[in-house]
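User: Hello! I am new to this structure and would like a close look at one part of it, namely the nonpolar core and the helix packing that goes with it. Could you take me through that slowly?

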Amino acid sequence: METSSQNDARSSSLPAGTEASGSPHTSIRKSSRTTRKPDLFSEGIYGEANARGGSKRKRVAPRDGEEENEENTSEPESDEEDDTDTGGERIKARRKVARKVPTKKRTATKNKGKSHATHAAKKPRISANGVGKQLALRPATNGKPAAPKTRKPIARPSLAADADGLYAEVFAKGQTADAVTAEWLSRYEKHNVNAMCELVNFILKCAGTDLTVDNKDIEDVDNVARRINDLQETYQAQEITEYPLVSKAKKYRAFQSTLVDFFTTLIQTLHHSSVLYNDAALIENIQVWVASMSTAPNRPFRHTATVIALSLTTTLCDLAQGVISTISTSRKQLESEKKKKTVNKGRVGAIQSAIHDGEKKLETIDELVRDSFDTVFVHRYRDVDPKIRAECMVALGGWVHSYRQIFFEGQYLRYFGWMLSDAVSHTRAVVVAQLRSLFENKDNIAGLRGFADRFRFRIVEMAAQDADTGVRSSSIELLDLIREAGLMELDEVDSVGRLVFDTEPRVRKAAGRFFVANVEDVFESMTEEVNKELNELLADEDDEDSESPKRSWIKYKCLVDILQNYDGQGDQLNQDRSIVASREALSGAPVESRFVLAIEAIYPHLEELAQWQSLAGYLLYDHSQITDSPDEDDSASVIRRLYRLEEGQDAILLEVLVCSVKLRILDVAKSDIDKRGRKIKALTDKIPTLQEEVAHNLAQIIPQLLNKFGAVPEAASAVLRLEHLVDLDMIQDFQKDATAYSSLLNDINKQFLTHSDQDVLAEASVAFLHARSSDEMKEAMESKVQELWDDMVDALSTLTQGKDVQNETSIRRTTLTELVNTVIRISNLSSITDCIGIMETIPSRTSKKGKQRLEAPFNTLVHLTKRGLRDNDSDDEIVKLETELVLNSIRALLFYFMWKVQGLTAALRSGNASFSTAYFEALTKSRAIFVATLTAIMQQHRNLDEICFTATTTLLDVQTLFGTLRQAGAGMNSSSTAADEETVVQIQSLAYEVDSSTQNLISFVHDLVERAFAKKAGKNLEPADDDAPLNSESDIEKIPSDDEEEEEDANDEDDSVTNDRLRAMILAEQRLCELTGKIVLAIIGRVLDISGQQRGTLKQKLLRNRTRLGHNYKEVLAYLDDRKSGSAGRQRTKQSAKATGQAGGAVGAAKSSERVEDEDDENDDNPNGGEDRDEDPQAGDLANNGNVGPDNDEGLSLAPSDREDEVMSD
């Protein structure tokens, strides 16, 4: 290309009319190959082709020398045009040729099927030397030309479309900030007033206004503030609500960055051209206008001017740092020059002059920086606009980093501390981020000591109590840096470390790293004096013997010490757990302890937790052999004392062990995925080996742990949770592991028989279910469970034989305790195995001395349930045991009826439904006895104790459970016999509605629960017209009182009282939502509030206070809301809609006359219902999908739709 351009230059330098020689004879270094200049698609060629008369466009290829003759015979003016346009014409010609080639190839492809006779093959053109002239070969894809890769152009809206002047230049596409600033500076040098006027108008335009100033305003510097005030009044009169810096329009996305870049480049240009130092009036005028606008009450003016002023100061700080570096280099050169034997005075003078000039420049920059700080930052860092405050804090952080000589001082750092108390969370987050960047630099620690001493307490307070979760987590990370620098007190470290027990996952995750760092510090302080002895007396971490003492044992000791010190909620949580234990058992959801949540945050940062075998060996170690007061001269005794466990710490470490094993299993499952989310095959093949290792170790360790800690309920429940993590498929291939697991089942059986703790029994029950998931272990598990059933039935008959459990006489405490433990075990076994046969079978007589007739366990449990009708005993311990006995008897009977209904539906689905009439009569009788007993308890206990509440909820569960049988047999085929149809009719007859008297009892209990929660939460209920007053003062006293509320005035500042009140309120809300949810299901299942004179009254009563008792209660009632039921109806299938349409005509009159209006709609905050749908989208989705939904009718009809039957039959 260079050679051709030189040749073109030579040709153009010839005088007009002179012929440029291009023949091979006159060319220097001319190759023997025949070459020709590429054809260009020009008007001459196009005209020549048309002149030849062809209607088709033909390729014109002049012979050698013709093109040169045409060029030489052209007019002289064309030579000058060729010099400038040849390159552009060549590019255009190449693009046109490139576009033509695919077209020709496609044409050739289309004509490929035609006969060769119609088109003669083209002969290759041969040059004089016999070489054919061909186009360059291009690769083809499957015989087709490769499609060109067209990139979709990105439409970027231009800010300079309707603008002119400097604004158009800055925001125009393709313009660089350097070019714009250079052009503006050249205009300034020609006429400074015009250029300055242009710059000020540019700033005004950036503020979102078309108002301008003229040259007179620029020349009158003293009148700037008044002129800004006039512009501001005019701006406000235009009522402009949005300006570019805060606009969310797409075209303004890069507005602020472009604006800052322009002013940054402007100052740099002024610096390099020395205008910044030689023309002081320029920068002073800019500062006057910007500072005046930054103090304007108008927010667009103030915000825009502040951003510009901060960017100017940031650039000056960067320039100052560069000048300081240049001065330092010059001084080094000067010292080096003076040390030479022969001093070059000229060079020394030049260097000294450069140093002097640099110092003067630095003085000018320092003066400008301080002036900008005093006139802009000091006023705007506390601006009413949080965005401006955040901008100031970000700028100050940059100044501290770039110009430490001025801003890394206490008088400037204090602004960060003051803004830690900002009212807006975003500003606080910005300040914390800037402080983190400062503390990350170890060189800044000495200068930040005073700041940390002054504002550390505020940062700790933010980490513990800030309203924003992001600010809390960021503050914890900042405190971790402060702790690492040794600037925190021990009590502050403990305050932050306790956040691993926080309720927010993000806070716990951030506190995990801080907590582990604290553990490492404690470990180093404990082992500092005996570090050498540790290497000699302790085994290596890679040692396979897990029971040999290691360094990690000391770290485990440090961990458990800190966890035990931080945990101060154990007693309070244990008190609450006994209250809700009976209801948690039905939920099926595991309740994780606070230690598990803490370990999940600690695990990623403490490597020793991944070595869970070492932790298990540490727990199995006999710590009783370690003396309390070792000899100081005996280093081995001193080291053993370092890892000796104290009382109660083993239970905490067992929780740590369970969580560590669970997280290790998850890590193994994901160990083949790299940081980019890609799977690595080599690591995937290793996963089964690692999983087998974990299963093998667990099968060997769990029996040892049960043998040591099985007597303690808390420890036993933790060890049983380890059994849930054993992969049974991995141990079936190893006979040794399978044998160990069989012995483990025996140990679990022993734990089930020896413990009465609800947690231990629940974990043992889940362990039995886990064992049944394996085909090889299922038989062994079922035999163990059957042995347990036999023992429990025998114990129950023995304890109740010879005693009338229905009368009002008391049972001895020891016998009552054994009876309670037996019933609890029966309840747990009923939850995991089919108990129908066992409950209905009369046990065989084991002793000949017994003369009384034995009863089936079902009848015995019913008798025990009737003990709930007794008057309370004076002994509180006896009352507690009696309550536990009644509650667990009710729970066991509920599981019995669940298995009954499950057996009926399973038989119908399998087609083997052969039940006699006596079977249904017995089932109906047993159900009636149980329901009558529950109703009697509800009538007897009208003070809303645990027995009354459990009886009410169980009654609703039983009625709703049998209500699901209404759609039984819906899927039977046409070949069903009459006997099958009769069986289906009998099964469907088991679903019936609750009578009106029982419904009144349920409504009364709900009123008590509702009022109890309203009292504790301080909410006002809306009275209903049909509400019956409480019968007497005794009924009023039956509403649970809140002792803490009575003490509110005396103990207003007591945190423990406040926590107790909050806990009581949450439990009351849980009760209300649980009872209301069961009532809603019963209404949806058409077993409650459906027919009779009271039809719809209970639903109306529920909806009465829908908006007054919190969002949880509101969402529970969402399926009874007419608006949501309407949206659910729109999601019906075509078949359901057709069936509903047929039934709608028959009951249309009833619906219109019996319509129930929602009186609370007028008091709702959002009458359109939008708020209800937005608060819990999941609830709305459930209603829309039809999984759970109320009656689609606006009122309650006598003939509900089939849709409800489908819901309850699932």
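Analyst: Here is a walk from the whole chain to the core, and then to some helix pairs and single residues.

A word on the ground rules comes before the tour. This is a predicted model, in which local features need pLDDT of at least 70 and side-chain atom pairs count only at pLDDT 80 or more, while totals for chains, interfaces and linings use all residues. Residues are numbered from 1 along each chain as its sequence is written, and side-chain values use heavy atoms, with hydrogens and water left out.

Let's begin with the whole chain. The protein chain has 55 helices and 0 strands; helices (H or I, at least four residues) and strands (E, at least two) are DSSP runs, numbered from the N terminus. Of its 1210 residues, 43% count as buried. Here buried means under 20% relative accessible area, exposed means over 50%, and partly exposed lies in between, with a 1.4 Å probe and protein chains only. Among contacts between residues at least 6 apart in sequence, 72% join residues at least 24 apart, where contact means heavy atoms within 4.5 Å.

Now to the core itself. In soluble globular proteins, nonpolar side chains tend to be buried together. A nonpolar core is a set of buried Ala, Val, Leu, Ile, Met, Phe, Trp, Tyr and Cys residues joined through side-chain atoms within 4.5 Å. The largest one here has 285 residues, and F202 and F407 touch the most other members. Helix α40 (residues 876-910) gives the largest share of this core, with 15 residues.

F407 is a good place to look around. Apart from neighbours within four places in sequence, F407 is in contact with C317, V369, F373, L396, W399, V400, Y412 and L413.

Among those partners, F373, L396 and W399 also appear where α14 meets α15. Two packed helices are described by the angle between their axes and the distance between the axes. For α14 (residues 345-380) and helix α15 (residues 386-402), the angle is about 130 degrees and the axes are 9 Å apart. Axes are lines fitted to C-alpha atoms, for helices over the stretch in contact, and angles run from 0 to 180 degrees between N-to-C directions. The two helices are therefore oblique to each other: angles under 35 degrees count as roughly parallel, over 145 as roughly antiparallel, 65 to 115 as roughly perpendicular and the rest as oblique. On the α14 side the contact is made by F373, F377 and R380, and on the α15 side by I388, R389, C392, M393, L396 and W399. These residues divide into 7 nonpolar, no polar and 2 charged. In that count, Ala, Val, Leu, Ile, Met, Phe, Trp, Tyr, Cys and Pro are nonpolar, Asp, Glu, Lys and Arg are charged, and the others, Gly among them, are polar.

L368 also sits in α14. L368 counts as buried because its relative accessible area is 8%. Not counting residues up to four places away in sequence, L368 touches L276, I283, Q287 and L316. L368 and L316 are 52 residues apart in sequence, and their C-alpha atoms are 8.0 Å apart in space.

F202 leads us to V170, in helix α5 (residues 165-170). Leaving out neighbours within four places in sequence, V170 is in contact with V180, F202, T258 and F262. V170 has 8% relative accessibility, so it counts as buried. V170 and F262 are 92 residues apart in sequence and 7.2 Å apart in space, C-alpha to C-alpha.

Another helix pair is worth setting beside α14 and α15. Helix α18 (residues 425-439) and helix α20 (residues 469-484) have axes that come within 9 Å and cross at roughly 20 degrees, and α18 and α20 are therefore roughly parallel to each other. Their contact is made by S425, R428, A429, V432, L435, R436 and F439 of α18, and by V471, S474, S475, E477, L478, L481 and I482 of α20. The residues of this contact divide into 8 nonpolar, 3 polar and 3 charged.

The last stop is T983, in helix α43 (residues 978-988). T983 is buried, because its relative accessible area is 6%. Beyond its neighbours within four places in sequence, T983 is in contact with A913, F915 and F920.
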